[in-house]
Amino acid sequence: MSEKTNLKALSKKEIAAFFHGLGLPVYRAGQLLHWMYERHAASIDEITVFSKSLRAMLNRQAMISNISLAKSMRSADGTEKFLFALEDGQTVETVLIPDKDRLTLCISSQAGCALGCVFCQTGRLGFIRNLRAYEITDQVVAVQRRIRPKRITNVVLMGMGEPLANFTEVAEALRRIVGFIGISGRRITLSTAGVVPGMKLLAEQVPEINLAVSLNATTDETRSRLMPVNRKYPLRSLIAACREYPLKPRRRITFEYILISGINDTAEDAKRLARLLSGIRCKVNLIPLNPSEQGTLKRPEDSRILAFQKVLTDNHMTALIRESRGQDIFAACGQLRGRTT
């Protein structure tokens, strides 16, 4: 018996071709997409717009895959973390962050990560594998199914993995989140550690998505120590790519800067950061380090955080202090690790 076709693994064109091969009209493909991505159908049998005989025929040849919830945790601040199991037993973490009228979902693009940033728990896992487009998209579908009738309003690719190191699958997932699930590209942000070629591809292929860059240092020496990717794409090439990035009207690049005591939090660091980003339409998110499980790295004193921010605002920059959410359940920035205990 041949293996069943996973309908979630197919692109829109491939689904249309699959239905055409079964002698079914094209509109059936549109119905399938609607039920999988907007009605969150977990199986063909749940697609009640199809007749029983049509569902039976499809079940003989196809199936709808689903990531499965292995564990969930809720923080005191309302943040919820989900550990999802993939088909091969690997796990990824996804975080839902409520904030006033927003529900932001932070999704993963890889199991593990190869970049090895010293402040990030995911990097300690090493690289396991890239996620497929449907596994990335399915994090949105699975959480939306769980929280309905509430709706996810924003999506950020800031979970496990470097999105631009898995560009083809991430780009397809972004197209599905926009085109099938219906979340506007204006409400989706992809965060990169600075994979310069991927930034250029993103601008060409998925230009409606917002870009965030994890910067975290103002000299190559410090950045290479914190983020080994800087040895391949140093600050000069990264900042040049940011200056060349084709921003749509009223859009800005977000620069994320994790403040680490004694490493990158001095007034001179702040002055260099202002010079480095001068002329780029941007905002800076200052994120005090989450001290949990970070070894010798420490969070700066509040006075140093405020002083760093003041240098930037005095230089007419938008600089916001972002306290990470969900720290008590290891759901905060840099803490995702795909833990099973």
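Where is glutamate 93 found? Select this residue as the starting point of the tour. The answer is strand 5, which runs over residues 91-99. The model on screen is predicted.

**Stop 1: Glutamate 93**

Show the surface and look for the side chain. Glutamate 93 has a relative accessible area of 1%, so this residue is buried. Now add phenylalanine 127 to the selection. The two residues are 34 residues apart along the chain, and their C-alpha atoms are separated by 15 Å.

**Stop 2: The whole chain**

Zoom out and colour by secondary structure. The protein chain has 11 helices and 14 strands. A box around its C-alpha atoms, taken along the principal axes, is roughly 70 × 40 × 35 Å. The radius of gyration is 21 Å, which agrees with the value near 20 Å that a compact globule of 341 residues would have. Of these 341 residues, 54% count as buried.

Consider next how the chain contacts itself. Among contacts with a separation of 6 or more, 67% are between residues 24 or more positions apart.

**Stop 3: Valine 143**

Select valine 143, which is in helix 5 (residues 133-147). Is valine 143 buried or exposed? Its relative accessibility is 1%, so valine 143 counts as buried.

Display the neighbours of valine 143, leaving out residues up to four places away in sequence. Valine 143 then touches Phe82, Phe84, Thr94, Leu96, Leu105 and Ile152. Thr94 and Leu96, two of these, can be picked out one after the other. For Leu105, turn on a distance label: the C-alpha atoms of valine 143 and leucine 105 are 8.4 Å apart, with their positions 38 residues apart in sequence.

**Stop 4: Helix 5 and helix 6**

Keep helix 5 and add helix 6 (residues 167-181). Two packed helices are described by the angle between their axes and the distance between the axes. Here the axes come within 8 Å and cross at roughly 40°. Helix 5 and helix 6 are therefore oblique to each other. The crossing is right-handed.

Which residues of the two helices meet? From helix 5, select Ala133, Tyr134, Ile136, Thr137, Val140 and Val141. From helix 6, select Glu169, Val170, Glu172, Ala173, Arg176, Ile177 and Ile181. By class, this contact has nine nonpolar residues, one polar and three charged.

**Stop 5: Helix 6 and helix 7**

Hide helix 5 and show helix 7 (residues 196-205). The axes of helix 6 and helix 7 come within 11 Å and cross at roughly 30°. These two helices are therefore roughly parallel to each other. Their crossing is right-handed.

Phe167, Leu174 and Arg175 of helix 6 make the contact with Gly198, Leu201, Leu202 and Gln205 of helix 7. Four of the contact residues are nonpolar, two are polar and one is charged.

**Stop 6: Helix 10 and helix 11**

Move on to helix 10 (residues 267-277) and helix 11 (residues 302-314). Their axes come within 9 Å and cross at roughly 30°. Helix 10 and helix 11 are therefore roughly parallel to each other, and their crossing is right-handed.

On the helix 10 side, the contact is made by Asp269, Ala270, Lys271, Leu273 and Ala274. On the helix 11 side, select Phe308, Val311 and Leu312. The contact has six nonpolar and two charged residues, and no polar ones.

**Stop 7: Backbone details in three loops**

Select arginine 148 and proline 149 and show the backbone atoms. The peptide bond that joins them is cis, with omega about 15°. Proline 149 is in the loop between helix 5 and strand 9 (154-157).

Next, select histidine 40. This residue is in the loop between helix 2 (27-37) and helix 3 (52-61). Its phi is near 60°, a positive value in a residue other than glycine. Histidine 40 is buried, with a relative accessible area of 6%.

Finish at histidine 316, in the loop between helix 11 and strand 14 (319-321). Histidine 316 is not a glycine, yet has a positive phi of about 65°. Is histidine 316 buried or exposed? With a relative accessible area of 77%, histidine 316 is exposed.

Key: Residues numbered from 1 in each chain as written. Predicted model: local features only at pLDDT ≥ 70, side-chain atom pairs only at ≥ 80, totals over all residues. Heavy atoms only, no water. Axes fitted to C-alpha atoms, helices over the stretch in contact; angles between N-to-C directions. Helix = DSSP H or I, 4+ residues; strand = E, 2+ residues; numbered from the N terminus. Parallel < 35°, antiparallel > 145°, perpendicular 65-115°, else oblique. Left-handed = near helix turned anticlockwise from the far one by under 90°. Contact = heavy atoms within 4.5 Å. Nonpolar A, V, L, I, M, F, W, Y, C, P; charged D, E, K, R; others polar. Rg over C-alpha atoms; globule rule 2.2 N^0.38 Å. Buried < 20%, exposed > 50% of the residue type's maximum accessible area, 1.4 Å probe, protein only.
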